[in-house]
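Thanks for making the time this morning. I would like to walk through one structure with you, moving from strand pairing to the ligand and then to some backbone details.

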Amino acid sequence: MFDYPVNVEIEEAARLLKGCVRPTAAETVPLSEALGRILAEPVRSGENLPPFDRSPYDGYAFRAEDTAEASQERLAVLDIVEEVPAGQQPKCTVQKNQAVKILTGSPIPAGADAVIKFEDTLFNRATVAIGRPCRPGSNLVKAGEDVRAGEEVYPAGHAVSPASQGLLAGLGHSRVFVYRKPRVSIISTGDELLSAEQKLTPGKIRNSSAYLLAGFLAGWGIEAKQYGIVGDDEKAIAEAVEECRRRSDLVITTGGASVGDYDRVLLGLELITAQILFWKVKMKPGMATLAAVKEGTPILGLSGNPSAAAAALLLVGGPALAGLCGRKDDLFEKITVRLAQDFPKGSPVRRILPGAIEFSGGRVDLNPSPRQANGRIRPWEDCRLLGLIPAGTGPLPAGSEIEALFLK
Ligand code: AMP
Ligand code: MG
């Protein structure tokens with residue numbers, strides 16, 4: 001009856017969509033604009049970080065063996081032969097019973113193999129006295145401690161984090177080669193929809209789903225563009241999809257993806273002879289989800305219902321979106337959590353339960369919003385976890401262990 005899969009498992013739907021996606025082309029951007037961007041090539045280090053052995057303290061650098069016999073009663077007294085502020089290169093080589101006054105970040109002078117904090121010594125301008133043996137290597141920051149020259153610092157697909165930005169700057173990578181930010185268009189379909197700016201009129205609702213979805217997309221470094229509202233009309237939907245397809249890496253529609261008389265997205269996609277990848281997914285919320293591809297551009301048709309749209313965006317669209325961004329990792333990690341509260345409903349189909357993280361006794365609990373209902377946006381407020389309640393499960397008491405996706 002259908003020449004595409006119908007009623008598919010979440011994983012299958014996600015796989016079919018991801019199969020149509022390739023990372024965007026890459027571009028070079030200044031490091032200062034690279035946060036959250038995905039590296040399109042591995043980064044290798046041409047140098048050590050730090051570049052030289054250096055002192056972590058204000059103190060004295062010396063030869064550890066000169067303190068081998070030192071004690072409070074028999075201080076090792078060393079002659080101070082030089083002072084090296086940070087940014088200067090030491091001139092001397094430390095000889096027997098000599099020390100160099102050194103400041104935090106200064107290079108360790110040749111000959112020295114230990115540093116002592118000035119607070120741990122007795123000193124005057126000419127000499128420093130040390131009252132205990134120091135081990136060779138003590139208080140030295142070794143060159144390459146953070147990154148070694150020649151090392152692969154990050155693989156392609158790595159998301160640039162604050163730490164990555166710092167490390168790359170330290171290594172002199174002031175520009176990075178990253179994937180272009182994917183462009184995703186969101187078309188909101190539904191005769192009942194008004195834009196957020198419009199005054200409510202009887203029977204109408206405002207388009208909230210597009211903003212919810214765009215927020216998630218922006219959080220993943222995707223440029224989400226709202227096309228606006230289209231009625232429940234297959235021709236108008238077809239035109240909107242065609243227009244968005246030209247300027248987007250992926251097109252999302254909301255609404256009209258179910259089986260009702262006014263559900264016209266599938267018809268619209270057939271009008272433009274898009275190849276339908278699947279229709280309907282075994283999940284609640286989010287059953288009314290479909291996907292198609294036309295001339296290489298994937299189209300994800302979500303329910304108009306905000307929570308159904310969000311659940312399917314994450315679970316069905318997540319892997320494809322990660323792939324589009326060029327990410328090596330997924331947008332979430334599967335973990336086991338406990339339910340912080342009773343979940344009173346049965347789950348004939350696999351249920352997606354958005355929840356906040358609650359930390360208790362060193363474990364992560366999922367705290368679902370007390371009133372989960374399909375059309376509600378509030379359960380997504382502090383959502384960091386998506387509980388996956390297996391199909392055929394009855395009401396679950398607090399403390400039940402369930403699988404969940406942790407949103408990174
Ligand atoms: P549909 O996916 O068209 O079957 O719509 C499912 C439910 O979501 C209906 O109650 C719609 O009124 C509502 N809805 C559709 N689109 C949106 C939207 N963009 N924002 C908020 N609610 C929507
Ligand atoms: Mg509708």
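Let me begin with a single residue, Tyr60, which stands opposite Ile116 in β7. Before I go further, please keep in mind that what you see is a predicted model, and that the values I quote are computed from it.

Tyr60 has a second partner as well, since in β6 its bridge partner is Lys101. The strand behind these pairings is β4, residues 59–62, which pairs with β7 in the antiparallel sense over four bridges. Along that pairing with β7, Phe62 stands opposite Ala114. Toward β6, which covers residues 98–102, β4 again runs antiparallel, and four bridges join the two strands.

Where do β4, β6 and β7 sit in the sheet order? The sheet is open and has six strands, in the order β7-β4-β6-β5-β9-β8, and its pairing is mixed. The strands at the edges are β7, residues 114–117, and β8, residues 122–123; each has a single partner strand, so one side of each is left without a neighbour in the sheet. As a general reminder for anyone looking at the side chains, in a regular strand they alternate between the two faces of the sheet.

Further along the chain there is another set of pairings, centred on β20. Strand β20, residues 332–339, pairs with β24, residues 401–407, in the antiparallel sense over seven bridges, and within that pairing Ile335 stands opposite Ala404. With β22, residues 363–368, the direction is parallel, and two bridges join that strand to β20; here Arg338 has Asp365 as its bridge partner.

Now to the ligand. Which residues come nearest to ligand 1? Of the 13 residues around ligand 1, the nearest are Glu192, Asn207, Ser208, Gly256 and Gly304. Sorted by character, the shell around ligand 1 consists of three nonpolar, eight polar and two charged residues. The space that ligand 1 takes is the largest pocket.

For those of you who think in terms of atom pairs, there are three distances to note, and each involves a polar backbone atom of the protein. A nitrogen atom of ligand 1 lies 3.1 Å from a polar backbone atom of Ser208, and a nitrogen atom of the ligand is likewise 3.1 Å from a polar backbone atom of Ser209. On the oxygen side, an oxygen atom of ligand 1 is 2.7 Å from a polar backbone atom of Gly304. Taken alone, ligand 1 exposes 480 Å², and the protein buries 74% of that.

Let me finish with the backbone, where a general expectation helps: most residues other than glycine have a negative phi, and most peptide bonds are trans. Against that background, the peptide bond from Leu49 to Pro50 is cis, with omega near -10°, and Pro50 is found in the loop between β3, residues 43–44, and β4. A cis peptide bond also joins Lys284 and Pro285, with omega at about -5°; Pro285 is in the loop between β17, residues 275–281, and β18, residues 290–294.

And which sign does phi of Asn139 take, positive or negative? Phi of Asn139 is near 60°, a positive value in a residue other than glycine. Asn139 lies in the loop between β9, residues 127–130, and β10, residues 152–154.

Conventions:
Residues are numbered from 1 along each chain as its sequence is written. Chains are lettered from A and ligands numbered from 1 in the order in which they are written. This is a predicted model: local features need pLDDT of at least 70, side-chain atom pairs count only at pLDDT 80 or more; totals for chains, interfaces and linings use all residues. Side-chain values use heavy atoms; hydrogens and water are left out. A residue is near a molecule or strand if one of its heavy atoms lies within 4 Å of it. A polar contact is a pair of N or O atoms within 3.5 Å; within protein, one must be able to donate a hydrogen and the other to accept it, and residues adjacent in sequence count only if both atoms are side-chain atoms. Accessible areas come from the Shrake-Rupley method with a 1.4 Å probe; for residues, only the protein chains shown count as cover. On a 1 Å grid over the protein atoms alone, a cavity is a set of points where a 1.4 Å probe fits but cannot get out, and a pocket is an open set with protein on both sides within 12 Å along at least five of seven lines; lining residues have an atom within 4 Å of a point. A molecule sits in a cavity or pocket if more than half of its atoms lie within 2 Å of its grid points. Ala, Val, Leu, Ile, Met, Phe, Trp, Tyr, Cys and Pro count as nonpolar, Asp, Glu, Lys and Arg as charged, and the others, Gly among them, as polar. Two strands pair if DSSP finds at least two bridges between them.
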